[in-house]
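Here are a few friendly notes to read with the structure open beside you. Take the points one by one, and try to find each place on the screen as you go.

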Amino acid sequence: MAIQSSQQDGEALKPQHVEIKAPILYITTLFQSTGASLIWPIATLYMHNVLHETMTMAGMVVMGLSIMMMIGSWVGGHLFDRWNPYKSILGAVALATAMLAALTFWHSWPVFAIFMLILGFADGIIYTLLNSYAATIQSIDSRKVFNLQYLFMNVGVVVGTAIVGFLFNHGVQFVFGGATIMYLIFSVMVFRYFNVKGLAAQATKDAAKAAKSNFRTPVLIYALLGLAFSLYMGYILWETVVATHMTDLGMTTQDYSFLWTINGIVIIVGQGLLDRHHRKATIPTNRLRWNRLVRGIIPILDEREDLSNVHLHLHDFDDW
């Protein structure tokens, strides 16, 4: 009886895995993606056509925005592992919301560029932390978790880009105001649902364990990063010269934003077809590996998902 009691006590003292609820994660991702999708399609267009800055200057700002997002992504991962996930994402969301609210009232040059750089830093932290929260979910297959998160993110892209052209035609303050509202809803959900008890200690313990690991990154991952970089060099034209070129041809901002809407719909439909094919098809091993390669690389190549999320898709290459 004493031995049985000791075993029961040991089981009771064993730390339980904690995670965020998946539906909460998906809904918050939707609101964040919708808010962000109101901003980045018109950034270059606004700087060049409204603020009358050169395309060179607009490109420099977009480059600075990308750099700030990269820095924010690194900071976000560091904060999740070594500080407090809840306080980190709450602070980042508050900073991003404050920048969007400020842009609603002050969007002249160079204030616009400064606020956008700060917003990029905050969004970089947010993207990494959202995916880090997703990585804690073990009650659902990890492929399903990230596929659904990616799906909700693209639904946000569809919704945001579908209305940004209409809002922009009525004034850029409505664009930033709409994004602020989306981020306010996002903030409320983070404040209410993201304080997962025990997650900070669990994340610190997992980070310490990972630091002692002898895991070596497969060469395939470096190849994928190189491929992603090469494709992104061309894909970035969407955010820069394509917008102004379309308006120079006489097309409206709504025409340009609608292209983004179509892009999001194609990704959603394409992902659904790929998942359906993956589940039902009986295929040789080499074709299965190619399917996994495509499934892993699509999130990496998506324009709005920063490269800091690549490690979250490594499970797609476990059998290589």
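1. Let us begin with a meeting of two helices, bearing in mind that this is a predicted model. On the H2 side, Leu25, Thr28, Thr29, Gln32 and Ala36 take part, and they meet Asp123, Ile126, Tyr127, Leu130, Tyr133 and Ala134 of H6. Sorted by class, this contact has seven nonpolar, three polar and one charged residues.

2. How do the axes of H2 and H6 cross? Helix H2 covers residues 22–36 and helix H6 covers residues 111–135; their axes come within 11 Å and cross at roughly 160 degrees. Angles over 145 degrees count as roughly antiparallel, and H2 and H6 are therefore roughly antiparallel to each other. The crossing of H2 past H6 is left-handed.

3. Now look at helix H3 (residues 43–50) and helix H4 (residues 55–82). Their axes lie 9 Å apart, and the helices pack at an angle of about 150 degrees. That angle makes H3 roughly antiparallel to H4. Here the crossing is right-handed.

4. Which residues of H3 and H4 meet? From H3 come Thr44, Met47 and His48, while H4 brings Met55, Ala58, Val61 and Val62. By class, this contact of H3 with H4 has five nonpolar, two polar and no charged residues.

5. The loop between H3 and H4 deserves a look too, since His52 lies there. The phi angle of His52 is near 60 degrees, a positive value in a residue other than glycine.

6. Next comes helix H5, which runs over residues 85–105. At its start, a side-chain oxygen of Asn84 reaches to within 3.0 Å of the backbone nitrogen of Tyr86. You can also check the length of H5 yourself: at 1.5 Å a residue, its 21 residues should span 30 Å, because the expected span uses one less than the number of residues. The end C-alpha atoms of H5 are 31 Å apart, which agrees.

7. After H5, follow the chain into the loop between H5 and H6, where you will find Pro110. The peptide bond from Trp109 to Pro110 is cis, with omega near 0 degrees.

8. Finally, turn to helix H7 (residues 142–170) and helix H8 (residues 172–193), whose axes are 5 Å apart and which pack at an angle of about 135 degrees. That makes H7 oblique to H8. Val164, Leu167, Phe168 and His170 in H7 touch Val172, Gln173, Phe174 and Val175 in H8. The residues of this contact divide into six nonpolar, two polar and no charged.

Definitions and conventions. Residues are numbered from 1 along each chain as its sequence is written. This is a predicted model: local features need pLDDT of at least 70, side-chain atom pairs count only at pLDDT 80 or more; totals for chains, interfaces and linings use all residues. Side-chain values use heavy atoms; hydrogens and water are left out. Helices (H or I, at least four residues) and strands (E, at least two) are DSSP runs, numbered from the N terminus. A polar contact is a pair of N or O atoms within 3.5 Å; within protein, one must be able to donate a hydrogen and the other to accept it, and residues adjacent in sequence count only if both atoms are side-chain atoms. Axes are lines fitted to C-alpha atoms, for helices over the stretch in contact, and angles run from 0 to 180 degrees between N-to-C directions. Angles under 35 degrees count as roughly parallel, over 145 as roughly antiparallel, 65 to 115 as roughly perpendicular and the rest as oblique. A crossing is left-handed if the near helix is turned anticlockwise from the far one by less than a right angle, and right-handed if clockwise. Contact means heavy atoms within 4.5 Å. Ala, Val, Leu, Ile, Met, Phe, Trp, Tyr, Cys and Pro count as nonpolar, Asp, Glu, Lys and Arg as charged, and the others, Gly among them, as polar.
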